[in-house]
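Work through the exercises below with the model open. Each task comes with a stepwise solution.

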Amino acid sequence: MSTVLNAQAPVTFEIKSASLPLVALLLKSADLSRLEEELRQRFGDVPDFFDHDPLLIDLGPLQTSDEADAPLDFARLTALLGQHRLRPLAVRGGNETQMAAAVLAGLVPADDAVVQRASSPAPATAPAASAAPAAPAPVAPPPTPNALVIDKPLRSGQQVYARGRDLVVMAMVNPGAEVIADGHIHVYAPLRGKAIAGARGNAEARIFALSMDPELISIAGIYRTSENPLPPEVQGKPAQVRLNSGPDGDKLVIDAISA
C-alpha cells in the first residue's frame, strides 16, 4: 500500500541534473611553449574556430609520458587557452600534485568525465592510409539536413568552416584552399586542398571525395599530408577517409568507393 506524504518545494529555486557539452584538451606534454606554438600553427589562421567553448583539460596522456611528474603552470595554461577563445572549467587525470595545482588555479576536478575516443576497429581492419580491397567500402552517410553547402570552387587562400555541422562542396577544392567541418566533409569534385573533418574531436566524422588528391586530410586531430603520398588505389579516385583506433593508437584509413 502506497502512502502519500505532504512535502514542500522551495519557491525560489530547483535543483536538477544537467549535462554540458565540453571540448577536451588531451595534454601530452608539459612544455607550454611548444603547446603555444602548435596551437598557433593549428588555429592561428582560424581565429574564430572556438567560440568561448567550455573546456576540460585531460592530463591522462601526460601520465604515460616521460613528463608524468612534471609541474604545470595552470595560470599560464588557462591564459594561453583563453587566447584561443577557450574557457577551461575542469581537469582530470593528473597526479596529486598536478590536480592540487589545478584546483588552486580555479579548475574543478572531474575524474569521472568521459572523453570521446575513436571507435575500436573490427578484427580485420585495413592498414592505415591504404585501400581495403578485401571488403567493400562502407556506404557514405547522407549529409545532415543542416549541412553547409558550397556551390562554387574554392581557390587558394579561401577557407570554409562548417561549425557544428557537415560540409558539402559541389565544386573543386583547389590547392591552397581549406575546408573544415565539425562533422563530415563531402566533396563532389576533386579534393586538392586541405580537408579537416571532426574538427572538434568527432572521431566518427569522415571525408568523402570523388577525386581524392588532398594536400592534407585530418579527422579529430589525426592528420596526413601530401608528403606521404596516397596509395595508387585511391589517389585521384573516389574514396573516403575514416578514423580507426587500435593498439598503436588512432590511425587514418582510406577506402576506395566503388561506383
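**Exercise 1. Find the residue with positive phi that follows α4, and describe the start of this helix.**

Step 1. Gly106 follows α4, and its phi is positive, near 95°. Helices (H or I, at least four residues) and strands (E, at least two) are DSSP runs, numbered from the N terminus.

Step 2. Go to the start of α4. A side-chain oxygen of Asn95 comes to within 3.1 Å of the backbone nitrogen of Thr97.

The model is predicted: local features need pLDDT of at least 70, side-chain atom pairs count only at pLDDT 80 or more, and totals for chains, interfaces and linings use all residues. Residues are numbered from 1 along each chain as its sequence is written, and side-chain values use heavy atoms, without hydrogens and water.

**Exercise 2. Sort residues of α4 into buried and exposed.**

Step 1. Buried means under 20% relative accessible area, exposed over 50%, partly exposed in between (1.4 Å probe, protein chains only). In α4 (residues 96–104), Gln98, Met99 and Ala102 are buried. They cover an arc of only 95° around the axis (taken from the directions from the helix axis to the C-beta atoms), so they lie on the same side of α4.

Step 2. Turn to the face away from that buried side. It carries exposed Glu96, Thr97 and Leu104.

Step 3. List the packing partners. The buried residues of α4 pack against α2 (60–63), α3, β3 and β4.

**Exercise 3. Give the strand order of the open sheet.**

Step 1. The order of the four strands is β1-β2-β3-β4, with parallel pairing (at least two DSSP bridges between two strands). β1 (23–26) and β4 (108–109) are at the edges, each with a single partner strand, so one side of each has no neighbour in the sheet.

Step 2. Check one pair. Four bridges join β1 to β2 (residues 53–58). Ala24 has Leu56 as its bridge partner in β2.

Key
Contact = heavy atoms within 4.5 Å. Polar contact = N/O pair within 3.5 Å; in protein donor to acceptor, adjacent residues only side chain to side chain.
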